[in-house]
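Student: I would like to go through this protein step by step. Can we start with the strands and then turn to the rings?

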Amino acid sequence: MRHPWLRPRIAVPLAAVIAVVQLPFIHAALRGAAPVSAAVPYQDKFDRASIGEAWWSNGGHWRIVDGWLYSPGVGNNPLWLKARLPADVRISFDVRSEAPDGDVKWELDGDGRNHSTGYVFLFGAWHNRESRICKLDEHAFTLEEMRAQLAAVALPYPRELDLWEKIRQPFVRWGARRDLDRLQSGKFDGPFVVKREDLKVERSRKYHMVVTRRGGTLRWEIDGVPALELVDPAPLSGSSHDRFGFSSWANDTYFDNLEITPL
């Protein structure tokens, strides 16, 4: 006897519902790279009334105000430049935050559509507590933090385990040892961050940012002073990692005088 769900009056509507639910994922898989309508070298002073065709975002009321690109707390919906970046590049711009929490953000080598698909830069994030360069995940650990956590999992303290934990523990320890080996050999390719806690955003102050990427080395300067450097053992590359975008979370942020130059 066939299962009741295989009867046409149940199977057909169920298949239709499943197909509708999966449509956004199918579309995302088949739509290809983000469109291109600008080229590098690129400059933008935002001295016009509207943002224009060179930029794209999937959310947030991005607009130009008094010659500045205005990000009104767009909730991690970057405004992407529709231009492919070279592997080695220099990006500079001015920025100011009109909130006591700071939280200035931008993204390098993302996919041109989605947040946190490349390297995310955070200046005064989480109520002005930290500044970071993040690979793929702004909530990731530093390599040192990751190494300590993996070591604790790979060599746990002896303790009483229930049956499920006794079965699961050898696999967890094996995975931790594998990731530790990758960290030690410089082959780790997952998300990680570098961070500082002493970089704070001053409200209404204009900062000049410069970011350079040469291979797997990303350097960030603020007003000519080195801020952070990230050295990636497995640098992001390819058509899904070649776009630049401005961003913000919940604060009013203003950007201006963008320059992108190949190196």
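Student: How many bridges join β11 to strand β12?

Tutor: This is a predicted model, and the strands named here are read from it. Strand β12 covers residues 217-222, and β11 and β12 run antiparallel. One facing pair is R213 and L218 in β12. The number of bridges that join β11 to β12 is 6.

Student: Which residue in the hairpin of β11 and β12 takes a positive phi?

Tutor: The hairpin has 2 residues between the strands. One residue there has a phi near 65°, and that residue is G215.

Student: Which residue stands opposite H208 in β11?

Tutor: β11 also pairs with strand β6, residues 89-97, and the two run antiparallel. There are 7 bridges that join them. The residue opposite H208 is D94.

Student: How many residues of strand β11 are buried?

Tutor: Strand β11 spans residues 207-214, which makes 8 residues in the strand. A residue counts as buried under 20% relative accessible area. By that cut-off the strand is mostly covered, and the number of buried residues is 6.

Student: What is the order of the strands in the open sheet?

Tutor: The sheet has 7 strands, and the pairing is antiparallel. Its edge strands are β2 (55-56) and β10 (192-196), each of which pairs on one side only. Read from one edge to the other, the order is β2-β5-β14-β7-β8-β9-β10.

Student: Which residue in β9 is the bridge partner of L122?

Tutor: Strand β8 holds residues 119-124 and strand β9 holds residues 130-135. They pair in the antiparallel sense over 4 bridges. In β9, the partner of L122 is R132.

Student: Now the rings. Why is the pair of Y70 and Y254 stacked?

Tutor: A search of the whole structure finds 16 aromatic pairs. For Y70 and Y254 the ring centres are 4.8 Å apart. Planes under 30 degrees apart count as stacked. The pair is stacked because the planes of Y70 and Y254 are at 20°.

Student: How many residues apart are Y70 and Y254?

Tutor: Y70 lies in strand β4 (residues 68-72) and Y254 in strand β15 (residues 252-262). Both Y70 and Y254 are buried. The pair links distant parts of the chain, and the separation is 184 residues.

Student: What is the angle between the planes of W106 and W220?

Tutor: The centres of these two rings are 5.3 Å apart. The pair is edge-to-face, a term used for planes over 60 degrees apart. The angle between the planes of W106 and W220 is 90°.

Student: Which parts of the protein does this pair tie together, and is W106 buried or exposed?

Tutor: W106 lies in strand β7 (residues 104-110) and W220 in strand β12, so the pair ties together parts that are 114 residues apart in sequence. W220 has a relative accessible area of 1% and is buried. W106 has a relative accessibility of 1%, so W106 counts as buried.

Student: What percentage of the residues of the protein count as buried?

Tutor: The protein has 4 helices and 15 strands. Its C-alpha trace spans about 70 × 55 × 35 Å along the principal axes. Of its 263 residues, the share that count as buried is 43%.

Definitions and conventions:
Residues are numbered from 1 along each chain as its sequence is written. This is a predicted model: local features need pLDDT of at least 70, side-chain atom pairs count only at pLDDT 80 or more; totals for chains, interfaces and linings use all residues. Side-chain values use heavy atoms; hydrogens and water are left out. Buried means under 20% relative accessible area, exposed over 50%, partly exposed in between (1.4 Å probe, protein chains only). Two strands pair if DSSP finds at least two bridges between them. Rings of Phe, Tyr and Trp (its six-membered ring) pair if their centres lie within 6.5 Å; planes under 30 degrees apart count as stacked, over 60 as edge-to-face and the rest as tilted.
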